[in-house]
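Reader: I am new to reading structures. Could you walk me through this one with short questions and answers?

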Amino acid sequence: MLIAAAVLFLLLRLLPGDPANALVSVGADPEQIEAARRQVGSDLPLAAQFVRYLGQLGSFDLGASFVSGVPVLDEIGRRLTLTLPLTALAFICAILLAVPLGILAAVKRDRWYGNLISVISQLGVAIPVFWIGILLVTAFAVKLRLFPSGGFPTSGWRDPLMALHQLALPILTIALVMSASLIRYVRSATLDVIGSDYLRTARALGAGYGEALIRHGIRNGAVPVISILGIELASTLLGAVVVERVFSLPGLGSMLLGGIEQRDYPSVQGVLFISTLLVLLVGFAADIVQRLIDPRLRGQSGGRS
Amino acid sequence: MTALSARAHRTHRSVLKATTAAMLLLMGVAPALSAEGGPDATISIGSLYEPQNLDNTAGAGQGINEAFNGNVYEALFRLNDDGSVSPSLVKDYTVSDDGLTYTFTLQPGVTFHSGDPLTSADVKWSIERVTSPDSKSSRKNSLKPIASIETPDDATVVIKLSSRSISLPYNLSYVWVINDAAKDLQSTEDGTGPYALDGWQRGSQLAVKRFDKYWGPKPENGEVVFKYFTEATALNNALLTGAVDVITSVQSPDSLAQFKDNPDFTVAEGKSTTKLLLAYNDRVAPFDNVKVRKALARAVDDKKLLEAVWGEYGTLIGSFVPPTDPWYVDLTKVDAYDPESAKALLAEAGYPDGFTFTIDTPNYDPHPLAAQFLQGELAKVGVKIVINVITANEWYTKIYKAHDFQATLQEHVNHRDIVFYGNPDFYWGYNNPKVVDLIKASEEAKTVDEQTEKLKEANIQIAEDAASNWLYLYPQIVVSKTSVSGYPLNGLNSQFFAYGIKKAD
């Protein structure tokens, strides 16, 4: 975590430009520019800036935005109320789509629709997120007028139906992209299970094909899929940047982009710090869930490579 | 086999059913927000310029002027949409014969949104905020002639100048009058305008509500919501789907077609002050040579560029002054497109085989396109261009501050900004003593006519010197729903007065 913070700090400072520039505009005189640099501390040597940053980090203080003067942690908290539900809902939708379709594609791999699912999911992996977003906006917002083209209501989640209505298209966008790759993993995990010895044994003991698959297959197949789910969830959190831009959503991603454009270092560092933390947490949670499902993984945490 | 497929089908169908139900439920919640019109209507204004904070002396950006000038904060004077300046919080004023003492009488009965009455002390405090050492206002320089501000009584402000300043009322039009008891001006406000801040959701929108104790005429609507977008396409979609009522300025011509032929929308073209220019660093060779600059001006077919970027919209200009400034003169004939004479001039200047230079090009539209166009045009007269793409932030450090460049593309948005050519330390380094004197003298002029004469002369001189290469004037296009009217068209200095906007029932 400390190494990540240091690398981040240095990389940001290597970018040409100066955070003070966001504060002054054309017409400002040299004294005004120097005053702005003093205010944000970009006139200090790099080492001094780093020590100051570490000191703040130590007390879990992410500082205040150079541009707006608002404490970064507060702003991140506000924006997470959008990004977290957006990611979580999209994730649930993706699972609801991918698991049945993936299993279907594996079980019915010799039928035309089983193949069709595989082909479409391959295609889905190749299509960029923003393109799907734009297509959905054109179809459902501009042409059909079923959903708004973007934005988030001022009332936030106090009116949950309204908020969901606003977020429907972004959720669908992320869910479609995410499920495309999930379907492939679910399908191959299911194929492994179908070809396994224990399933054949269960069948030999008289269980029906479906019963065997459900009693023995799902649990076994779920283990590899869950580690993939963890990675997918983490990357969706970060991938929200693009979707938030397409749909003009005031989430973590738009905060990050704005921060980079203006060289607002505290905001950028804060967002990346918190998202690194979240990614680690998600990975940890995925690990725990795997252990709960698969007793063989328990009690040998250090043993397996 | 059959058992499984039946079960799979069933789960599949129930998932499908649940999804459909959820979708229907969601669609039922159609936003009934911005549908109602009338005197208490909510007007949604779509914009690409979100303010960074709420204080225009703390680097908030042009967005804060759009949302707050004349809406939330008022000044002693108001710059009207037609370019004229009229008294706002000033009821009356007198100027001494030597032009050095201005005595302002304030409007009576004005209250701040917090309930405090407006006094002369608030005005003094507000002006001193802009001129203070901490101020990041780009206009600080123009208030330099102010020597002292006195407040003999609550309703009177006396400003003493060190030299005449004919533009003082104009310059005071962007000095917000703020309650001197206000604490946090970066995220709250305390102004005297017809609207008070009602909520700001960073990254999304800013709402202002009609202020019932406003001293002037009641606004034509009850509430105004500025909705912010980072992408022009998303903004256009919002107007198409009814999420916003009006777009303050359309930035891409391609999107106009979908509004133009649609009776639900009005496309209106106002007068712009935004100029696109190829600015040379006039300090360095070969751009210190007038002949080279004139040659490059003649080598570029501005009309072709304007048509490529904006189609039928926009205006050609022969200098830095747009037609809305009183000192406009049609100078498009000076160094008009003529590649043959451009080649001759280059040879005369000692560059018969041309030369190579770098254009530092901001990475957003239309600069990259313009740079490529210039590359093609100048190649025809033997001049090679290297395009170096930079971000807006780098532009400020490298060009504005360090003057480390040969040439750059930039847009200048403000009204009355010819004065930049009177400052030899400005980034483009144009230094003609005659122009410096004319611009200084124009500010110290006794009458507006005298000021206009002097600036006209300066304007003609910078065109003769081809100080920069002025490519074109952007169009200013406002698109709205047909049911919405009464909005400002020109948006001078990024202002967008909302109090006149009406929405039909």
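Reader: Which residues of helix α11 of chain B are buried?

Author: This is a predicted model. Helix α11 of chain B covers residues 392-401. A residue counts as buried when 20 or more other C-beta atoms lie within 10 Å of its own. In this helix the buried ones are B:N393, B:E394, B:W395, B:Y396, B:I399 and B:Y400.

Reader: What do the buried residues of α11(B) pack against?

Author: Look for the partners within chain B. The buried residues of α11(B) pack against β14 (356-362), β15 (384-390) and β16 (407-412).

Reader: Which residue with a positive phi follows α11(B)?

Author: Most residues other than glycine have a negative phi. After α11(B) comes a residue with a positive phi, near 55 degrees. That residue is B:H403.

Reader: Where in chain B does α11 meet the question of contact with chain A, and which element gives the most to that side?

Author: Chain B has 49 residues in contact with 51 residues of chain A. Elements that give two or more residues to this side of chain B are α1 (2-28), β8 (195-201), β9 (205-210), α5 (232-240) and α11. The one that gives the most, with 9 residues, is α1(B).

Reader: How many residues of each class are on the side of chain B that touches chain A?

Author: Sort that side of chain B into nonpolar, polar and charged. The counts are 19 nonpolar, 20 polar and 10 charged residues.

Reader: What is chain A built from?

Author: Chain A has 0 strands. From the N terminus on, its elements run α-α-α-α-α-α-α-α-α-α-α. The number of helices is 11.

Reader: What percentage of the contacts in chain A join residues at least 24 apart?

Author: The C-alpha atoms of chain A fill a box of roughly 85 × 55 × 35 Å along the principal axes. Buried residues make up 41% of its 305 residues. Now take the contacts between residues at least 6 apart in sequence. The share that joins residues at least 24 apart is 69%.

Reader: Is A:S248 buried or exposed?

Author: A:S248 sits in the loop between α9 (209-246) and α10 (252-261) of chain A. Its phi is positive, about 50 degrees, although it is not a glycine. Around A:S248 there are 26 other C-beta atoms within 10 Å, so this residue is buried.

Reader: Why does B:D335 count as buried?

Author: B:D335 is not a glycine, yet its phi is positive at about 55 degrees. B:D335 lies in the loop between α8 (302-310) and α9 (339-348) of chain B. It counts as buried because the other C-beta atoms within 10 Å number 24.

Reader: Which residue does a cis peptide bond join to B:D365?

Author: Most peptide bonds are trans. The bond from B:A285 to B:P286 is cis, with omega near 0 degrees, and B:P286 is in the loop between β13 (275-280) and α7 (290-299) of chain B. Another cis bond, with omega about -5 degrees, starts at B:D365. Its partner, in the loop between β14 and α10 (367-379) of chain B, is B:P366.

Reader: What are the ipTM and pTM of the model?

Author: Start with chain B, where the mean pLDDT is 88 and 93% of residues reach 70 or more. Over residues 1-13 of chain B, though, pLDDT is below 50. It also stays under 50 over residues 28-34 of chain B. The model scores ipTM 0.74 and pTM 0.81.

Terms used
Residues are numbered from 1 along each chain as its sequence is written. Chains are lettered from A and ligands numbered from 1 in the order in which they are written. This is a predicted model: local features need pLDDT of at least 70, side-chain atom pairs count only at pLDDT 80 or more; totals for chains, interfaces and linings use all residues. Helices (H or I, at least four residues) and strands (E, at least two) are DSSP runs, numbered from the N terminus. A residue is buried if 20 or more other C-beta atoms lie within 10 Å of its own, exposed if 12 or fewer, and partly exposed in between; C-beta atoms are placed from the backbone. Two residues are in contact if their C-beta atoms, placed from the backbone, lie within 7 Å. pLDDT is the predictor's confidence in each residue, from 0 to 100. Ala, Val, Leu, Ile, Met, Phe, Trp, Tyr, Cys and Pro count as nonpolar, Asp, Glu, Lys and Arg as charged, and the others, Gly among them, as polar.
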